[in-house]
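User: Could you take me through the parallel sheet in this model, strand by strand, and then what sits around it? Take your time over it.

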Amino acid sequence: YNQLEYFGVRGGTGLTFSELTHHHLKTLIIETGGLSGQALRGIAHAELPALEHLDIWIGREDYGASVTLEDLQPFYTGNHLPNLKYLALRNSDMQDEIAEFMADAPVIERLDVLDMSMGTLTDQGAIALLSSTRIKSLKKLDISHNYCSQAILKQFDTLSASGVEVDTSEQLWDEFERDGWRFTAVGE
């Protein structure tokens, strides 16, 4: 499949990417309720020079997610993905940590879209994103379906006024306040 431009997979059990090289792939979507660190490291070390759209659903530890911030390090600079315009690191139960880690990542300056949706992002991670000067270079920031308070969401109006489209829809703050639990959008 050396001319393949789009590849998507749903489910992460046993998923691996070893020594992946593909010169035409433009879109890679990995939808899981629990992505292993090994699979993410395989993507991080893949040679995908044409890749423009990378969508990774990390998931929850209790469904097999073992991704660490160290595993995300190659995505911080994005040097191995020179044409990347859309980066989704979503559906994660460590969304605050990812937001804090990625808030000032150099890769953001060349992205059009950063998607942090479907996870457990709270005000803590949202504040890190709001404090970032690099976020202002995006065309769109998606933090929908998370756990941010209305007070923090209002602060994103300033970012929207600067020209960044911000999706803050479907916040589950009220459920978190009531029950004290946070869940990713997709588990099993």
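Analyst: Let's start with β2 and β3, which run parallel and are joined by 4 bridges; two strands count as paired here if DSSP finds at least two bridges between them. The helix and strand names are DSSP runs numbered from the N terminus, with helices being H or I of at least four residues and strands E of at least two. Before going on, keep in mind that this is a predicted model, where local features need pLDDT of at least 70, side-chain atom pairs count only at pLDDT 80 or more, and totals for chains, interfaces and linings use all residues. Residues are numbered from 1 along each chain as its sequence is written, and side-chain values use heavy atoms, with hydrogens and water left out.

Back to that pair: threonine 27 stands opposite histidine 53 in β3. Getting from one strand to the other takes you over helix α1 (residues 37–44), and β2, α1 and β3 form a right-handed β-α-β unit. Right-handed means that, with the strands pointing away from you, the path from the first strand over the helix to the second runs clockwise.

A good residue to look at in β2 (residues 27–31) is leucine 28. Leucine 28 is buried, with a relative accessible area of 1%; buried is under 20%, exposed is over 50%, and partly exposed is in between, using a 1.4 Å probe and protein chains only. Not counting residues up to four places away in sequence, leucine 28 touches Phe7, Ile43, Leu48, Leu51, His53, Leu54 and Asp55, where contact means heavy atoms within 4.5 Å. Its C-alpha is 6.2 Å from that of tyrosine 6, though the two are 22 residues apart along the chain.

Next door, β3 is mostly covered, with 6 of its 7 residues buried. On to β4: β3 (residues 53–59) and β4 run parallel, with 6 bridges between them. Tryptophan 57 faces arginine 90 in β4, and glycine 59 is opposite serine 92. The connection here uses helix α2 (residues 69–77), and β3, α2 and β4 again make a right-handed β-α-β unit.

Now for β4 itself (residues 86–92): 7 of its 7 residues are buried, so the strand is largely enclosed by the rest of the structure. β4 also pairs with β5 (residues 113–115), in the parallel sense, over 3 bridges. Tyrosine 86 has valine 113 in β5 as its bridge partner. From β4 the chain crosses to β5 through helix α3 (residues 95–102), and this β-α-β crossover is right-handed too.

That brings us to α3. Since 6 of its 8 residues are buried, α3 is largely enclosed by the rest of the structure. The buried ones are Gln95, Asp96, Ile98, Ala99, Phe101 and Met102, and their cover includes β3, α2, β4 and α4 (123–131). In α4, Asp123, Gly125, Ala126, Ala128 and Leu129 are buried; what covers the buried residues of α4 includes α3, α5 (150–161) and α6 (173–179).

A couple of loop residues are worth a click as well. Most residues other than glycine have a negative phi. Glutamate 19 is not a glycine, yet has a positive phi of about 50°. Glutamate 19 sits in the loop between β1 (6–10) and β2 and is exposed, at 80% relative accessible area. Methionine 118 also has a positive phi, near 65°, but in the loop between β5 and α4, and methionine 118 is buried, with a relative accessible area of 12%.

Finally, the largest pocket has a volume of about 210 Å³. It is lined by 16 residues, and Gly11, Gly12, Thr32, Gly33 and Gly34 are the closest to its centre. A pocket here is an open set of points on a 1 Å grid over the protein atoms alone where a 1.4 Å probe fits, with protein on both sides within 12 Å along at least five of seven lines, and lining residues have an atom within 4 Å of a point. Its volume is the space filled by probe spheres set on the points, which are joined across faces, edges and corners. The lining divides into 3 nonpolar, 10 polar and 3 charged residues; Ala, Val, Leu, Ile, Met, Phe, Trp, Tyr, Cys and Pro count as nonpolar, Asp, Glu, Lys and Arg as charged, and the others, Gly among them, as polar.
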